[in-house]
Amino acid sequence: THTHTHIPIPIPIHPIPIPIQRASMSRIGKIAVNVALRARGSSAGVSCTSRFTVLSSARTFSAAADGEYDLAVIGGGPAGYVASIKAAQMGLKAVCIESRGALGGTCLNVGCIPSKALLNNSHLYHQAKTDFASRGINVDNVTLDLTKMMSAKATSVSQLTGGIEMLLKKNKVDYVKGHGKLTGTTSITVDLSEGGQQTISAKNIMLATGSEVTPFPGVTVDEKTIISSTGALSLEKLPESMIVIGAGVIGLELGSVWERLGSKVTVVEFMDSVGGLGMDSEVSKTFQRILKKQGLTFKMKTKVMGVEKKAGGGVSVSVEAAAGGKPEVLDADVVLVCIGRRPFTDKLGLDTVGIETDAKGKVKVNGSFQTNIPNIYAVGDIIDGPMLAHKAEDEGVLCVEAIMGKHVHLDYNLVPSVVYTHPEVAWVGKSEDTLKAEGVDYKKGNFPFMANSRAKTCVDTDGFVKVLTDAKTDKILGVHIINSQAGELIGEACLAMEYGASSEDIARVCHAHPTLSEALKGACQQTSTGKSINF
């Protein structure tokens with residue numbers, strides 16, 4: 001649960017005459033009215049809220065003195081580099097400090113981007129091996145060149161990280177390579193990557209240092225046989241067998257990669273469901289069933305007691321039932337530890353200036369991303385909220401706007417989540433489990449992709465769209481999708497929910513045919529009227 005708070009700023013409302021009665025307005029009409037109202041600078045609206053709310057005039061900064069920046073950002077990941085660029089675009093003199101030697105943070109270097117390259121190419125390999133023949137495509141002797149696949153991944157990463165460096169230059173953001181540490185409320189000492197130190201002075205400082213892999217107690221990761229997500233992206237040979245500790249998003253994505261390439265993968269999970277916290281239980285059960293069909297083996301409600309390297313090579317993992325029971329030993333060539341991530345604030349100097357953190361080590365901030373030191377801000381994985389690149393990017397932009405004196409707000413309920421397996425899983429808003437727990441009276445509509453014409457033509461019919469709405473108002477409260485393109489499809493739901501749309505709104509929007517997006521329309525028809533046309 002996100003705990004940011006902000007103080008609302010009263011804004012005068014200037015009525016705008018509208019030549020129609022609101023009682024007769026459709027929901028789509030109300031959305032259009034909201035857009036018009038916003039364009040005219042009014043805060044009046046029709047049950048419509050925005051994540052990106054800008055309510056006050058920009059603060060004016062004087063030209064920075066020699067050697068002094070308006071904003072210094074420690075961290076060049078999704079939050080940090082985006083914030084640096086936004087600051088420069090708003091007229092601030094900005095510097096971005098990054099210790100990795102390449103911009104983009106965990107996401108671009110050892111996270112989102114390299115994993116998606118391997119997920120895509122491993123899927124193509126698996127499809128060529130198992131599915132092409134049924135489609136009338138005959139390919140003999142399909143073999144894996146793991147070295148070349150890793151090279152393709154590395155090319156994608158280098159192109160994107162290099163592109164970010166060009167964007168910093170284009171926007172006249174200074175880039176300093178090294179580890180930045182707070183030495184005062186307006187000063188940073190950087191241990192430069194090439195040796196030596198540099199002192200940076202800034203009127204405002206933004207902390208965007210991201211997160212790191214959470215270590216498993218008593219287990220030493222060597223990135224060879226006992227690996228983290230970082231090692232799983234760079235294995236030099238295909239392991240015959242792999243044990244994945246943790247059935248969350250990262251574990252399932254990387255486990256899927258190596259299973260498709262030919263490894264026998266067993267996933268050990270302490271909880272009774274896959275996908276981690278936040279995934280709807282109906283979706284989770286369907287998702288696990290699909291993954292089992294693909295070849296993944298699951299040991300649920302199981303705890304890991306220890307991990308040991310074997311003398312002759314490989315690893316032994318001692319497990320037992322979470323509720324207690326007979327111990328069991330699992331053997332594998334490689335063990336992948338994926339039990340989560342934690343804020344990375346190592347040697348950042350938080351104690352030096354007295355910045356407050358919570359029990360989990362996350363930096364405490366208010367609704368404007370200010371720490372308890374007014375000119376020091378924090379965004380991304382080191383503050384509360386989901387550890388997602390797109391959430392961090394939005395926070396980076398909003399933080400800069402807050403520094404410029406604007407009132408900002410991010411609705412964390414509308415930050416989407418995606419699991420990039422095949423099929424993908426994506427969701428935004430509340431799960432059915434959450435609505436039940438909160439006692440919300442809701443309606444539900446499901447539409448299976450087996451009834452979608454585009455999915456049928458692609459022979460890719462696993463999954464469904466699930467839409468949850470308020471039983472009285474029909475406002476959309478949550479959307480959950482299992483499909484090979486779920487990550488792309490969820491965008492429409494995000495936009496609709498940002499504007500307070502009902503399921504009837506989406507049901508009445510003309511969707512192109514044949515498209516996968518028609519499944520969302522069908523689920524909304526089901527929710528709003530109780531019946532869908534095509535199912």
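In this predicted model, helix H4 passes helix H5 in a right-handed crossing. H4 covers residues 112-130 and H5 covers residues 146-170; their axes come within 9 Å and cross at roughly 140 degrees. That angle makes H4 oblique to H5, because only angles over 145 degrees count as roughly antiparallel. The contact is made on the H4 side by Ile 113, Pro 114, Ala 117, Leu 118, Asn 121 and Ser 122. On the H5 side, the residues they meet are Met 149, Met 150, Ala 152, Lys 153, Val 157 and Leu 160.

Some strand pairings come next. Strands of a sheet pair through backbone hydrogen bonds, either parallel or antiparallel. Strand S2 (residues 94-98) and strand S3 (residues 174-182) run parallel and are joined by four bridges. Within this pair, Cys 96 stands opposite Tyr 175 of S3. S3 also pairs with strand S4 (residues 187-192), in the antiparallel sense and over five bridges. In that pairing, His 179 has Asp 191 of S4 as its bridge partner. The connection from S3 to S4 is a hairpin through four residues.

Further along the chain there is an open sheet of five strands, in the order S17-S18-S21-S20-S19, with antiparallel pairing. S17 and S19 are its edge strands, each of them pairing on one side only. Neighbouring strands of the sheet are turned against each other by 10 degrees on average, direction ignored. At one edge, S17 and S18 run antiparallel and are joined by three bridges; Ser 417 has Trp 427 in S18 as its bridge partner. Helix H8 (residues 281-294) packs on this sheet and touches S17, S18, S19, S20 and S21. The direction of H8 makes about 5 degrees with that of S21. Helix H13 lies across S17, S18 and S21, and runs at about 10 degrees to S18.

Several loops in this part of the chain have backbone features to look for. The loop between strand S17 (417-419) and strand S18 (424-429) contains Pro 423, which is joined to His 422 by a cis peptide bond with omega of about 5 degrees. The loop between H12 and S20 contains Val 459. Phi of Val 459 is near 50 degrees, a positive value in a residue other than glycine. The loop between S20 and S21 contains Asp 474, and this residue too is not a glycine but has a positive phi, near 70 degrees. How do Val 459 and Asp 474 stand in terms of accessibility, buried or exposed? Val 459 counts as exposed because its relative accessibility is 57%, and exposed means over 50%. Asp 474 counts as buried, because its relative accessibility is 9% and the limit for buried is under 20%.

A second cis peptide bond joins His 513 and Pro 514, with omega of about 0 degrees. Pro 514 lies in the loop between H14 and H15. Helix H15 (residues 518-529) has twelve residues, which at 1.5 Å a residue should span 16 Å; the end C-alpha atoms are 16 Å apart, so the two values agree. Nine of the twelve residues are buried, and H15 is therefore largely enclosed by the rest of the structure. The buried ones are Glu 518, Ala 519, Leu 520, Lys 521, Gly 522, Ala 523, Cys 524, Gln 525 and Thr 527. They pack against three strands of the sheet described above, S19 (442-448), S20 (464-470) and S21 (476-483). They also pack against helices H12 (453-457), H13 (486-498) and H14 (503-507). Just after H15, Gly 530 has a positive phi of about 90 degrees.

Helix H10 (residues 389-403) can be read in the same way. H10 has 15 residues and reaches 21 Å from its first C-alpha to its last, close to the 21 Å expected at 1.5 Å a residue. What is the surrounding of H10 like, and how many of its residues are buried? Eleven of the 15 are buried, so the rest of the structure largely encloses H10. Among them are Lys 391, Asp 394, Glu 395 and Glu 401, along with Leu 398, Val 400 and Ile 403. The elements covering the buried residues include strand S1 (68-74), helix H2 (78-89), strand S5 (197-207) and strand S16 (376-378). Just after H10, Gly 405 takes a positive phi of about 95 degrees.

How values were computed. Residues are numbered from 1 along each chain as its sequence is written. This is a predicted model: local features need pLDDT of at least 70, side-chain atom pairs count only at pLDDT 80 or more; totals for chains, interfaces and linings use all residues. Side-chain values use heavy atoms; hydrogens and water are left out. Helices (H or I, at least four residues) and strands (E, at least two) are DSSP runs, numbered from the N terminus. The expected span of a helix is 1.5 Å times one less than its number of residues. Buried means under 20% relative accessible area, exposed over 50%, partly exposed in between (1.4 Å probe, protein chains only). Contact means heavy atoms within 4.5 Å. Two strands pair if DSSP finds at least two bridges between them. Axes are lines fitted to C-alpha atoms, for helices over the stretch in contact, and angles run from 0 to 180 degrees between N-to-C directions. Angles under 35 degrees count as roughly parallel, over 145 as roughly antiparallel, 65 to 115 as roughly perpendicular and the rest as oblique. A crossing is left-handed if the near helix is turned anticlockwise from the far one by less than a right angle, and right-handed if clockwise.
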